[in-house]
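Q: Please take a close look at the aromatic rings of this structure and at the charged group beside them. A formal, connected description with geometry and burial would be welcome.

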Amino acid sequence: QVQLAESGGGLVQPGGSLRLSCVASGRAFSPYTMAWFRQAPGKERDFVAAIKWSGGRTYYKDSVEGRFTISRDNAKNTLYLQMNNLKPEDTAVYYCAARQGPTAWIANMLMRLDEYDYWGQGTQVTVSS
């Protein structure tokens with residue numbers, strides 16, 4: 001079994017930055033893809049960014065590309081999301097997710113919640129002045 005634990009959320013002013021972390025633990029952790037999703041109050045959980053664990057290929061939601069950077073440290077089993085120039089509409093609970101088996105590297109697959117096998121509990125990000 002794999003456990004994912006997010007951290008790094010908080011309150012930040014518009015234009016500010018935060019870095020989220022997601023530490024994976026469990027036997028033989030070797031994901032194919034990891035991703036960040038977010039869920040704003042009253043809305044569905046929504047894709048933010050994904051990274052291929054081996055090789056580091058990335059894909060972003062249009063509204064965050066150029067502001068957010070997804071990365072990973074394979075040795076530490078840790079996923080990151082660097083968020084810059086934050087906006088009030090980025091306010092949400094942010095979740096990390098992991099998929100064990102291979103999948104097609106196309107947007108429609110990467111953005112689907114049911115493509116991922118493991119989820120963290122989430123970390124709150126609030127962007128407000």
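A: The following account treats the aromatic pairs, the cluster that they form and the charge placed over rings. The model is a predicted one. A search of the whole structure finds six aromatic pairs. One of them is formed by phenylalanine 37 and phenylalanine 47, whose arrangement is edge-to-face, with 5.6 Å from centre to centre and 80° between the planes. This pair links distant parts of the chain, since phenylalanine 37 belongs to strand β4 (residues 33–39) and phenylalanine 47 to strand β5 (residues 46–52), 10 residues apart. Phenylalanine 37 has a relative accessibility of 0% and therefore counts as buried; phenylalanine 47, at 1%, counts as buried too.

Tyrosine 116 and tryptophan 119 also form an edge-to-face pair, at 6.1 Å centre to centre and with 70° between the planes. Their burial is to be stated separately for each residue. Tyrosine 116 has 6% relative accessibility, so this residue counts as buried, whereas tryptophan 119, at 26%, counts as partly exposed. Buried here means under 20% relative accessible area, and exposed means over 50%.

These four residues do not stand alone: ring pairs link Phe37, Phe47, Tyr59, Tyr116 and Trp119 into a cluster. A charged group is placed over one ring of this cluster, for the charged end of arginine 45 sits over the ring of tryptophan 119, 5.1 Å from its centre. Arginine 45 also lies over the face of tyrosine 95, at 3.6 Å from the ring centre.

Conventions
Residues are numbered from 1 along each chain as its sequence is written. This is a predicted model: local features need pLDDT of at least 70, side-chain atom pairs count only at pLDDT 80 or more; totals for chains, interfaces and linings use all residues. Side-chain values use heavy atoms; hydrogens and water are left out. Rings of Phe, Tyr and Trp (its six-membered ring) pair if their centres lie within 6.5 Å; planes under 30 degrees apart count as stacked, over 60 as edge-to-face and the rest as tilted. Helices (H or I, at least four residues) and strands (E, at least two) are DSSP runs, numbered from the N terminus. Buried means under 20% relative accessible area, exposed over 50%, partly exposed in between (1.4 Å probe, protein chains only). A charge sits over a ring if NZ of Lys or CZ of Arg is within 6 Å of the ring centre and within 35 degrees of the ring normal.
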